[in-house]
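Hi everyone, thanks for making time for this. Could you bring the sequence and the model up on your screens, so that we can walk through it together?

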Amino acid sequence: MTSLLAALSASPPNEATTGGRTATRLYALDGLRLLAALMVVSFHFIGFDDWSASPWGASTSRVFPTAHHAAAYGWLGVQLFFLISGFVICMSCWGRSLRQFAISRFLRLYPAYWFAVLLTSGVLLAAGRLEAVPATLSKVLSNLTMLQEPIGVGDIDPVYWTLWAEMRFYLLFAVVAALGLTYRKVLYFCGIWLLLTVLAPHAGIPLLSLFAMPDSAPYFVAGILIHLMHRFRPTLALWVLLGASWILAQGQLRNLMKPAENSVHHSLSWTICLAAITLFYAAVLTVAIKRHPPFNYRWLTAAGALTYPLYLLHEELGWEAIRQLHGHLPPWLLVTAITAVMLLAAWLVHRLVERPAVRALKRQVAPLST
């Protein structure tokens, strides 16, 4: 503990001399984001097995006897998402006012999300998988706020649960942004948040546990710390806190594995899960601190653009497509075709919905961002 306090109180790097590294666009992070999304897609299409009636007409472990056991770990892609999110949010918030940060997050999240909610609701309603129109309308309107979980309304698509976790992270980081981001302030924020993840489960204060997010916080914090390493330089304090975040992440793994095991109907290997999250840490760290990051190709910006719409669209719409088509196509051909169609749909949403909507909304909110 003494060494940690000493590390945290050490003189911060000079922002004037170390901040220039952020000019390098880390395209490889876009590739990692798409990889995370495809992991989740594989989990839902091939690994997930917790239905009252499988859309495949049989257990996925029978339809994909080999691939099922690998895809059963695809849920870990969410942890990679959270890790990258910590990096990206810290990067995008730096040098901006709180108002600018809030507007940028709104523009980034809501246009594609609104479209996904409406499209998914329409398809499920047409397929008879939602309640009568009055109840469905109320549920859809609640989902459009992205706050359906705290107000006690179910998600139209189960993948939306991660958006509430992201929202809580934004609210916490907004507190630091309001004070003005500096190396030391962000460092202390990370240290305090990690401490709260340890204390919150024993405090008996629901609101504290709600925002401490013990299961997810280590990944958000790790992303922030890795961004500080990228923006400034790796310091002892950053390495200590990054190590602490990894230790807390591995400690929470069994809690995360339980619902995943319920979803795949068999046990998972803690060792494989730990190896995966360790690889995630190493991959993001390598991209961030190497002068010439590996796989840093400009075309990967397209991968980054596809990721969010793909994540929002794939689950319920993909399952409905499987229900309708599994009797007509071989399983591997069908899952490949559906994934390809979802990628195309994601690109169309980005080009025809996201970009025009963001441009239009920017004109409306531009006076507020100054």
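Let's begin with Met342, which sits in helix H16. Is Met342 buried or exposed? Its relative accessibility is 7%, so Met342 counts as buried. Now please look for His314 as well. Met342 and His314 are 28 residues apart in sequence, yet 6.2 Å apart in space, C-alpha to C-alpha. One thing to keep in mind while you rotate the view: this is a predicted model.

Let's stay on helix H16, which covers residues 331-365, and move to Leu344. Leu344 has 49% relative accessibility, so this residue counts as partly exposed. The cut-off for exposed is over 50%, and that is why Leu344 is called partly exposed at 49%. Which residues make up the nonpolar surface patch here? They are Leu344, Trp347, Leu348 and Leu352, and the patch has an area of about 400 Å². So in helix H16 we have Met342, buried at 7%, and Leu344, partly exposed at 49%.

Next, how does helix H16 meet helix H15? Their axes come within 8 Å and cross at roughly 135°. Because of that angle, H15 is oblique to H16. As for handedness, H15 passes H16 in a right-handed crossing.

Helix H15 has another partner, helix H7. H7 and H15 pack at an angle of about 15°, and their axes are 10 Å apart. The two helices are therefore roughly parallel to each other. The crossing of H7 and H15 is right-handed. If you are wondering about the choice of numbers, two packed helices are described by the angle between their axes and the distance between the axes.

Now for the charges. How many salt bridges does the structure hold? There are four. As a reminder from general chemistry, side chains of opposite charge can pair when their charged atoms come close.

Please click on Glu320. Glu320 forms a salt bridge with Arg129, with the closest N and O atoms 2.7 Å apart. Glu320 lies in helix H15, residues 300-325, while Arg129 is in the loop between helix H7 (98-126) and helix H8 (133-144), so this pair ties together parts that are 191 residues apart in sequence. How covered are these two? Glu320 has a relative accessible area of 6%, so it is buried. Arg129 counts as partly exposed because its relative accessibility is 44%.

Glu320 also forms a salt bridge with Arg323, and here the closest N and O atoms are 3.1 Å apart. These two residues both lie in helix H15, three residues apart, which is about one turn of the helix. Arg323 is buried, as is Glu320. Put the pairs together and you get a network of salt bridges linking Arg129, Glu320 and Arg323.

Let's go to another of the bridges, towards the start of the numbering. Arg33 forms a salt bridge with Asp30, and the closest N and O atoms are 3.5 Å apart. Both residues lie in helix H3 (residues 27-47), three residues apart, about one turn of the helix. Arg33 counts as buried because its relative accessibility is 16%. Asp30 is buried too, with a relative accessible area of 7%.

Now a look at the backbone. Met146 has a positive phi of about 70° although it is not a glycine. You will find Met146 in the loop between H8 and H9, and Met146 is buried, with a relative accessible area of 2%. Where is His265? His265 is in the loop between helix H13 (236-264) and helix H14 (270-289). Phi of His265 is near 65°, a positive value in a residue other than glycine. His265 is exposed, with a relative accessible area of 52%.

Last stop: Leu163, in helix H9, residues 161-179. Leu163 is buried, with a relative accessible area of 6%. Try finding Val365 in the same view. Along the chain Leu163 and Val365 are 202 residues apart, and their C-alpha atoms are separated by 23 Å.

If you go back to one spot afterwards, try the network of Arg129, Glu320 and Arg323. Thanks for listening, and I'm happy to go back to any of these views.

How values were computed: Residues are numbered from 1 along each chain as its sequence is written. This is a predicted model: local features need pLDDT of at least 70, side-chain atom pairs count only at pLDDT 80 or more; totals for chains, interfaces and linings use all residues. Side-chain values use heavy atoms; hydrogens and water are left out. Patches are made of residues with over 30% relative accessible area and no salt bridge: like charges are joined within 9 Å, nonpolar side chains (Val, Leu, Ile, Met, Phe, Trp, Tyr) within 5 Å. Accessible areas come from the Shrake-Rupley method with a 1.4 Å probe; for residues, only the protein chains shown count as cover. A salt bridge is a side-chain nitrogen of Lys or Arg within 4 Å of a carboxyl oxygen of Asp or Glu. Helices (H or I, at least four residues) and strands (E, at least two) are DSSP runs, numbered from the N terminus. Buried means under 20% relative accessible area, exposed over 50%, partly exposed in between (1.4 Å probe, protein chains only). Axes are lines fitted to C-alpha atoms, for helices over the stretch in contact, and angles run from 0 to 180 degrees between N-to-C directions. Angles under 35 degrees count as roughly parallel, over 145 as roughly antiparallel, 65 to 115 as roughly perpendicular and the rest as oblique. A crossing is left-handed if the near helix is turned anticlockwise from the far one by less than a right angle, and right-handed if clockwise.
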